[in-house]
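This note is addressed to a colleague who has the coordinates at hand. Please read the points below alongside the structure.

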Amino acid sequence: MTSERIPLGMRLSERFGRWAMQRLAGEIVVSGLDRIPATGPVLLASNHISWVDPVLLACWLTPATGRPMTWMGKAEALRWPLLGSFLRINGVFGVRRGIADLEAFRLAESVLRNGQVLGIYPEGTRSRDGRIGEFRDGVALLALRSGVPVLPVAVSGTERMWAPGALLPRRVDQVRLTIGAPLRFTHPVGERPELATVSGAIHDAVAALLPADYRRP
């Protein structure tokens with residue numbers, strides 16, 4: 001997919017987002033972009049430590065790959081002024097937290113069936129201390145039902161840029177975005193592995209990409 005097929009609103013918002021992020025971070029280190037397939041469905045699973053994580057991922061991954069991406073985000077965020085508009089323009093659809101949101105899950109499956117890139121935060125919420133938390137089973141269910149490759153994504157440094165409870169962001173020395181090797185979960189018919197096992201494997205792959213102080217003992 002070429003960059004010409006990325007909607008104009010998405011391209012403009014990405015340029016603004018990159019401009020803003022580059023003024024808030026002394027250095028933005030991105031690695032593993034070549035691991036995102038040029039075509040076909042793929043599921044990105046990332047840790048979540050700050051409000052600006054979706055901005056970082058959207059503004060660096062889409063321009064670098066030329067592929068518009070769709071993201072699962074909390075429904076409340078889409079109602080916020082400015083940020084909600086930015087998220088919608090950049091392909092975020094809402095997931096209602098605290099319930100089994102079947103409508104959002106079906107939409108996620110349709111994104112993958114259509115051969116697109118889907119991003120998800122398997123923890124279901126931001127980490128309050130920057131350390132990676134347990135992954136919920138939704139990411140495992142999507143991976144098993146779709147059979148698509150899962151790319152672990154690790155973000156660090158953004159929790160200092162916009163800390164939980166802070167009203168405004170602040171400048172930091174460095175932010176990192178790392179994409180790991182793809183994971184595939186195949187199994188014989190009728191012998192699907194436990195969801196917790198698959199969730200744990202994806203969690204461990206993301207954790208392995210993070211600095212040690214972002215992992216829980």
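The numbered points go from the whole chain to single elements and residues.

1. Basis of the note. The model is predicted, and local features are given only at pLDDT of at least 70, side-chain atom pairs only at pLDDT 80 or more, while totals for chains, interfaces and linings use all residues. Residues are numbered from 1 along each chain as its sequence is written, and side-chain values use heavy atoms, with hydrogens and water left out.

2. Elements of the chain. Seven helices and seven strands make up the secondary structure; helices (H or I, at least four residues) and strands (E, at least two) are DSSP runs, numbered from the N terminus. Their order from the N terminus is α-β-β-α-β-α-β-α-β-α-β-α-β-α.

3. Burial and contacts overall. Of the 217 residues in the chain, 49% are buried; buried means under 20% relative accessible area, exposed over 50%, and partly exposed in between, with a 1.4 Å probe and protein chains only. Among contacts (heavy atoms within 4.5 Å) with a separation of 6 or more, 75% are between residues 24 or more positions apart. The accessible surface, computed by the Shrake-Rupley method with a 1.4 Å probe, is about 10,900 Å², and carbon and sulfur atoms hold 55% of this area.

4. Strand β2. Is this strand, residues 42-46, enclosed or open? Five of its five residues are buried, so β2 is largely enclosed by the rest of the structure. In a regular strand the side chains alternate between the two faces of the sheet. In β2, Val-42, Leu-44 and Ser-46 point one way, Leu-43 and Ala-45 point the other way, and all are buried.

5. Partners of β2. Strands are taken as paired if DSSP finds at least two bridges between them. β2 pairs with β5 (residues 117-120) in the parallel sense over four bridges, and Val-42 stands opposite Val-117 of β5. β2 and β6 (residues 150-156) also run parallel, joined by four bridges; here Ser-46 is opposite Val-153.

6. Asn-47. This residue is in the loop between β2 and α2 and is buried, with a relative accessible area of 1%. A polar atom of the Asn-47 side chain lies 2.7 Å from the backbone nitrogen of Val-155. Beyond neighbours within four places in sequence, Asn-47 has contacts that include Asp-53, Tyr-121, Glu-123, Ile-132, Val-153 and Leu-210.

7. Helix α2. The helix covers residues 53-65, and its 13 residues reach 18 Å from first C-alpha to last, close to the 18 Å expected at 1.5 Å a residue; the expected span is 1.5 Å times one less than the number of residues. Eleven of the 13 residues are buried, which leaves α2 mostly covered. Among those buried are Asp-53, Pro-54, Cys-59, Trp-60 and Thr-65. Gly-66, just after α2, takes a positive phi of about 70°.

8. Trp-71. This residue is part of strand β3 (residues 69-74). Trp-71 is buried, with a relative accessible area of 5%. Its C-alpha is 9.8 Å from that of Leu-43, although the two are 28 residues apart in sequence.

9. Pro-217. Where does Pro-217 lie? Pro-217 is in the segment after α7 (195-208). It is exposed, with a relative accessible area of 100%. The C-alpha atoms of Pro-217 and Arg-131 are separated by 9.8 Å, with their positions 86 residues apart along the chain.

Methods:
Polar contact = N/O pair within 3.5 Å; in protein donor to acceptor, adjacent residues only side chain to side chain.
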